[in-house]
Protein chains: 2
Amino acid sequence: MHTLMIADDHPLFRDAIAAVIDAGLPGCHLLQADSLAEALHQATACEALDLLLLDLGLPDAEGLSGLQALREALPWLPVVIVSADQERHTILEAIDLGAVGYIPKSTPREALLAALAGILEGRIYLPPDIMRRPPATRPSSSPADLSPHLASLTAKQLEVLARLSRGASNKLIARELDIAETTVKTHVSAILRKLGVTSRVQAILVADQADLATRLAQHRKHRLDA
Amino acid sequence: MHTLMIADDHPLFRDAIAAVIDAGLPGCHLLQADSLAEALHQATACEALDLLLLDLGLPDAEGLSGLQALREALPWLPVVIVSADQERHTILEAIDLGAVGYIPKSTPREALLAALAGILEGRIYLPPDIMRRPPATRPSSSPADLSPHLASLTAKQLEVLARLSRGASNKLIARELDIAETTVKTHVSAILRKLGVTSRVQAILVADQADLATRLAQHRKHRLDA
DNA sequence: GATAGACTCCTTCTTTGGTAGGAGGCGAGA
DNA sequence: TCTCGCCTCCTACCAAAGAAGGAGTCTATC
């Protein structure tokens with residue numbers, strides 16, 4: 001059937017989760033590792049591996065760095081995080097790094113088995129109870145504006161700047177925003193003037209210094225508040 | 001059974017998705033809205049609403065701002081995004097804002113129904129095919145080279161690329177390196193070809209992904225060692 | 001109703017960026 | 001020695017970027 005590996009430095013926990021899997025997903029072949037190095041070693045050797053259950057907090061891998069290392073070394077290997085950490089942020093970051101799921105250690109065994117089954121069938125699992133809670137009110141709004149420049153850009157100009165930052169040409173931006181290329185040029189010229197630079201490249205450098213994404217979100221928010 | 005609302009400004013698409021749901025999840029009560037304002041209005045009136053299918057691209061809500069507004073106005077209402085946009089980043093941002101799922105418009109009907117069913121049972125749905133792909137862009141910092149591209153650049157090309165990354169023009173680079181502008185162009189063309197991109201802006205994006213500074217230092221070190 | 005700003009688009013022009021191809025000099029290694 | 005890769009520079013040409021100036025629509029505001 002499937003081959004799974006459990007990477008956790010607590011033998012007791014490895015045994016516990018192995019028992020749950022044995023009972024709930026019979027026929028699975030289970031490997032165990034007590035460190036990231038060991039997991040990497042075994043995973044490299046074993047081609048049939050279907051899924052790695054990775055604990056955050058291995059001795060040789062602080063936090064998500066272990067996941068990152070794994071994704072770089074063995075991109076083909078699906079990894080699901082199993083952790084006591086229930087921070088929304090950690091969960092999202094894990095998914096961003098390419099994890100196929102995130103299972104809190106507090107998950108009841110039925111839910112855990114269902115999650116693993118879903119993942120083995122190709123789905124992504126996130127803990128519903130945590131993710132469905134509204135975000136715990138983000139810090140929001142930096143009152144002091146480091147760059148009066150960026151603040152003076154209009155909504156459309158920000159949209160254009162965002163695309164500049166992705167390396168888009170005027171032509172492509174025109175297509176994406178469904179406006180004429182000449183109009184894009186007009187916007188770009190305005191952006192350059194307001195930012196006090198002379199080329200799109202420099203505009204991009206200024207933009208990502210000031211964290212364009214944040215500003216875009218703020219702009220959207222302001223529009224809605226009004 | 002369940003009450004769903006579809007918010008999309010294309011009547012044809014609303015009808016299409018309504019037909020799929022009618023056939024696949026019989027007994028569901030379906031509402032429709034063609035704008036964010038309309039969706040907010042109906043959702044406020046209808047207490048029994050279980051799930052909102054929200055299109056990105058409504059006339060009165062650019063991108064994720066609509067989701068943001070909904071989450072603030074009606075935090076109790078589960079929202080699933082239905083969009084043509086398949087960017088990992090967009091998907092993650094949507095989940096971060098509290099969406100309970102993200103369904104690309106290209107999803108086949110069976111998968112769409114399964115996703116909706118899962119969501120109605122409390123799960124989170126993310127498109128596996130997109131999320132399981134390794135992130136396209138990630139700062140690496142590992143010794144293992146994910147970008148054989150950059151490694152293939154010669155010393156001079158790296159010098160040029162470093163200046164490109166600071167926003168320098170060909171002319172300026174020529175002055176700084178004391179070579180002809182045509183030579184700079186030759187280098188730039190070589191860089192673009194090796195990095196597989198078509199403009200200096202894109203080259204810069206690739207470069208600072210791969211931490212150019214580190215690489216430059218390494219290169220200088222090698223030269224000194226030799 | 002008038003004013004101002006934002007967005008749209010146009011033409012014209014110059015500068016910059018980028019490709020293609022050829023060519024000479026130089027140093028390392030077969 | 002001869003070859004190969006890198007650096008250098010050239011011409012010629014084309015595409016993209018950006019400046020300048022004018023102009024129409026719409027919306028919000030006074």
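## Strand pairing in chain A

Two strands are said to pair if DSSP finds at least two bridges between them. With that in mind, in this predicted model strand β4 of chain A, residues 79-83, can be followed to its neighbours on either hand. Four bridges join β4(A) to strand β5 of chain A, residues 101-104, and these two strands run parallel. Within this pairing, A:V82 stands opposite A:I103 in β5(A). To get from β4(A) to β5(A), the chain passes through helix α4 of chain A, residues 88-96, and the resulting β-α-β crossover is right-handed.

Strand β4(A) also takes part in a pairing with β3(A), again in the parallel sense and over four bridges. Here A:L54 stands opposite A:I81 in β4(A). The route from β3(A) to β4(A) leads through α3(A), and this β-α-β crossover is right-handed. A further position can be located in β4(A), where A:V80 is found opposite A:L53. Strand β3(A) pairs with β1(A) as well, in the parallel sense and over four bridges, and in that pairing A:L52 in β3(A) is the bridge partner of A:M5.

## How the strands are covered

Are the residues of β4(A) buried or exposed? This strand is mostly covered, since five of its five residues are counted as buried. The covering applies to both faces of β4(A), with A:V79, A:I81 and A:S83 buried on one side and A:V80 and A:V82 buried on the other.

Strand β3(A) is likewise described as mostly covered, with five of its five residues buried. Both of its faces are covered, for A:L51, A:L53 and A:D55 are buried on one side, while A:L52 and A:L54 are buried on the other.

## A helix with a buried side

Helix α2 of chain A spans residues 36-45, and its residues A:L36, A:A39, A:L40 and A:A43 are buried. Because these four cover an arc of only 100° around the axis, they lie on the same side of α2(A). The face of α2(A) that is turned away from this buried side carries the exposed residues A:H41 and A:A45.

Which elements do the buried residues of α2(A) pack against? They pack against the strands β1 (3-7), β2 (29-33) and β3 (51-55) of chain A, and also against the helix α3 (65-73) of chain A.

## Where the two chains meet

Chain A and chain B touch each other, with 32 residues of chain A in contact with 31 residues of chain B. On the side of chain A that touches chain B, the elements that give two or more residues are α3, α4, α6 (128-131), α11 (200-209) and α12 (212-225) of chain A. Of these contributions, the largest share comes from α11(A), which supplies five residues. When the residues on this side of chain A are divided by class, 18 are nonpolar, six are polar and eight are charged.

## The surfaces near the DNA

DNA strand C is surrounded by 19 residues, and the closest of them are A:T154, A:K156, A:I179, B:N170 and B:S189. At least two residues of this surface are supplied by each of α8 (155-164) and α10 (181-195) of chain A and α9 (170-177) and α10 (181-195) of chain B. The largest share of the surface near DNA strand C, four residues, is that of α10(B). By class, this surface has five nonpolar, ten polar and four charged residues.

DNA strand D is also surrounded by 19 residues, the closest being A:N170, A:S189, B:T154, B:K156 and B:I179. For this strand, α9 (170-177) and α10 of chain A, together with α8 (155-165) and α10 of chain B, each supply at least two residues of the nearby surface. The element that gives the most to the surface near DNA strand D is α10(A), with four residues. The residues of this surface divide into five nonpolar, ten polar and four charged.

## One residue of chain B

In chain B, the residue B:L30 has its place in strand β2, residues 29-33. Because B:L30 has 17 C-beta neighbours inside 10 Å, it counts as partly exposed. If its neighbours within four places in sequence are left aside, B:L30 is in contact with B:L4, B:I6, B:A18 and B:I21. For one of these, B:A18, the separation from B:L30 is twelve residues in sequence and 7.3 Å in space, C-alpha to C-alpha.

Note on methods: Residues numbered from 1 in each chain as written. Chains lettered and ligands numbered in written order. Predicted model: local features only at pLDDT ≥ 70, side-chain atom pairs only at ≥ 80, totals over all residues. Near = placed C-beta within 6 Å. Nonpolar A, V, L, I, M, F, W, Y, C, P; charged D, E, K, R; others polar. Buried ≥ 20, exposed ≤ 12 C-beta atoms within 10 Å, placed from the backbone. Arc of directions from axis to C-beta. Contact = placed C-beta atoms within 7 Å. Right-handed = clockwise from strand over helix to strand, strands pointing away.
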